[in-house]
Amino acid sequence: MTIRLSGGLKRVSQLKPTTERWSTRIGVILAVTGSAVGLGNFLRFPGQAAQNGGGLFMIPYLVAFLIVGIPLAWSEWSLGRHGGTRGHNSAPGIFRGVLRKPKGAYVGMLGTVMPVLIYTYYVIVEALCLYYAWHYLTGTLMGFGDDVSAVGEFFAQSLGLTDHGALFAPGQGQFLGFVALCFFINFFLIYRGLSRGIERFCAFAMPLLVICAFIVLGRVLTLQPLPDTPDQNLLAGLGFMWNPAQEDGSIWRTLSDVDIWLAATGQIFFSLSVGFGLILTYSSYLKKDDDVALSSLTSVSGNGFCEVVLGGMIALPAAFIFLGPVFLSDPDNIGTFSLGFVTLPNVFNQMPGGAFFGFLFFFLLFLAAVTSSLSMLQPSIALLEEGLGITRKPSVAILGFITLMGTLFIAYFSAGATALDTVDFWMANFFIFIFATLQTLVFGWVIGPKRGYEELSAGAEIRVPRAIMFVIRYISPLFLITVFVLWCKNSLPGRWEAIMNPPPGEPPVVLMSLGFILIVITFFAFVIAGANQRWKDPATEERS
């Protein structure tokens, strides 16, 4: 039964299982893999590896992958499918049902808030990838040659890093045009729905992305050293990336450094998209007996391949050959932004055929970014549709307004990327640890090992070892809590200093960014409060 509201929004009188479904199994795998494969794979991972011991970084990375990445992926896929069969596609609805209390919906609120706020700045970086691809196609970037400072100035001007409001000054409209184009692409696809929008785009974009990556990788693997630096060859570059041996032989001393474990765990979150609430929503559109065990393992494996094999072997060996180990030993040169938008363009500018391969590389980054940003929008769409009982058109309009305000705020307060950095820190670093830990505890202790294993094994096309429930119940949360406490000890004092002591004469951008975050949280808290009024009793729902 439906009724028509005065504002023209269609509201559904009671919650029913969703009619939206993935049309194919490969479609959901490609969509989830696409949500994970992004800038973190091709830019952040190589930089993290180089800053943390090269090949030695792979040891804590693999440990985190096994005891956090795979267990969290399995628990998220299972929780999502469990909620979807009971009519919930949003993290608040899923947690409300599992915890059997209306207040449980607020536990899942971060699974909606984080993706929305991350999208507000991610779409700007997405536009920057397309902007660079365009300027390689037109030859602008190739004109800088091997002048690193010129490329750095182009990057700073593109993002308006010198002054607040720089992007809105006369003559700066071109980049904002690319941001608007990316905004339109995302919301056009999200408006088309799950199978006609997200699934269809990912089915096209993911294979194309991998093909582009293989072409660029093939070029990197055939690079010859420069005549003046014969020791900076391909094998030495691969060794710089993967060799676990340290020059001073201090393998155990390096592994005892907590920072390398923090970096590895943070990279797992970035690369697998676990802990954000994205997979919860995507897997909620599965049927009751659809496989989640093999599908989730296939997804995380595909992401790992893109990250370790493609991302790792494209960026750093090429930079090593043309720029050398001294240049790459400076952390300022291999951060996510500096590696991708300053260092690598300098490499392509010195490479034979650099214009073509530069275009191809940034175009594949753009495709990877779109598949990720789409996944950031769907959780909020799901909450607005099921929580307020409205159709897709008004839910897309509401979300479009919220994210547009956030993107304009971050684009305007662009000096030093302070607004972007603040939102990124709290959403993609701080709260993700909290939400990932909550998910693990809910699956391991509320659903419990018996029901959890049954849920994971339902329709499974592989046999999942029972020991995984011990890992999810004890090892994963203990590891996450330990890493989070140590990370807070290292990171929060500096953030508190930035909040309390803004630069003199500058607007309090950090405080304003936190205010915007609070406004978005408050909005979704009101949405959840309204949703709780129309969702049926969670205890009855969970037994049904």
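Buried here means under 20% relative accessible area, exposed means over 50%, and partly exposed is what lies in between. Keep that in mind for the close-ups below, which all come from a predicted model.

**View A. Arginine 100, a non-glycine with a positive phi.** Arginine 100 sits in the loop between helix 4 (91-99) and helix 5 (104-107). Its phi is positive, about 60 degrees, even though the residue is not a glycine. Is arginine 100 buried, exposed or partly exposed? Its relative accessibility is 38%, so arginine 100 counts as partly exposed.

**View B. Serine 273, another loop residue to look at.** For this one, go to the loop between helix 12 (258-272) and helix 13 (278-283), where you'll find serine 273. Here too there's a positive phi of about 60 degrees on a residue that is not a glycine. Serine 273 has a relative accessible area of 4%, so it is buried.

**View C. Helix 7 and what covers it.** Helix 7 takes in residues 148-159, twelve residues in all. From first C-alpha to last it reaches 17 Å, close to the expected 16 Å. Plenty to click on here: Ala150, Val151, Phe154, Phe155, Ala156, Ser158 and Leu159 of helix 7 are buried. Which helices help cover them? Among them are helix 6 (110-137), helix 8 (173-191) and helix 15 (336-350). Just past the end of helix 7 comes glycine 160, with a positive phi of about 65 degrees.

**View D. Helix 15 against helix 16.** These two helices, the second spanning residues 354-388, pack at about 150 degrees with their axes 9 Å apart. Angles over 145 degrees count as roughly antiparallel, and helix 15 and helix 16 are therefore roughly antiparallel to each other. Their crossing is right-handed. On the helix 15 side, the residues that meet helix 16 are Gly340, Phe341, Leu344, Pro345 and Phe348. Helix 16 brings Gly354, Phe357, Gly358, Phe361 and Phe362 to that meeting.

**View E. Phenylalanine 361 and the largest nonpolar core.** The largest nonpolar core has 186 residues, and Phe361 and Met427 are the ones with the most contacts inside it. Helix 6 supplies the largest share of this core, 20 residues. What does phenylalanine 361 touch, once neighbours within four places in sequence are left aside? Its contacts are then Leu43, Val216, Ile314, Leu344 and Phe348. Leu344 and Phe348 should look familiar from the previous view, where they are part of the helix 15 side.

Definitions and conventions:
Residues numbered from 1 in each chain as written. Predicted model: local features only at pLDDT ≥ 70, side-chain atom pairs only at ≥ 80, totals over all residues. Heavy atoms only, no water. Helix = DSSP H or I, 4+ residues; strand = E, 2+ residues; numbered from the N terminus. Expected span 1.5 Å × (residues − 1). Buried < 20%, exposed > 50% of the residue type's maximum accessible area, 1.4 Å probe, protein only. Contact = heavy atoms within 4.5 Å. Core = buried A, V, L, I, M, F, W, Y, C linked by side-chain atoms within 4.5 Å. Axes fitted to C-alpha atoms, helices over the stretch in contact; angles between N-to-C directions. Parallel < 35°, antiparallel > 145°, perpendicular 65-115°, else oblique. Left-handed = near helix turned anticlockwise from the far one by under 90°.
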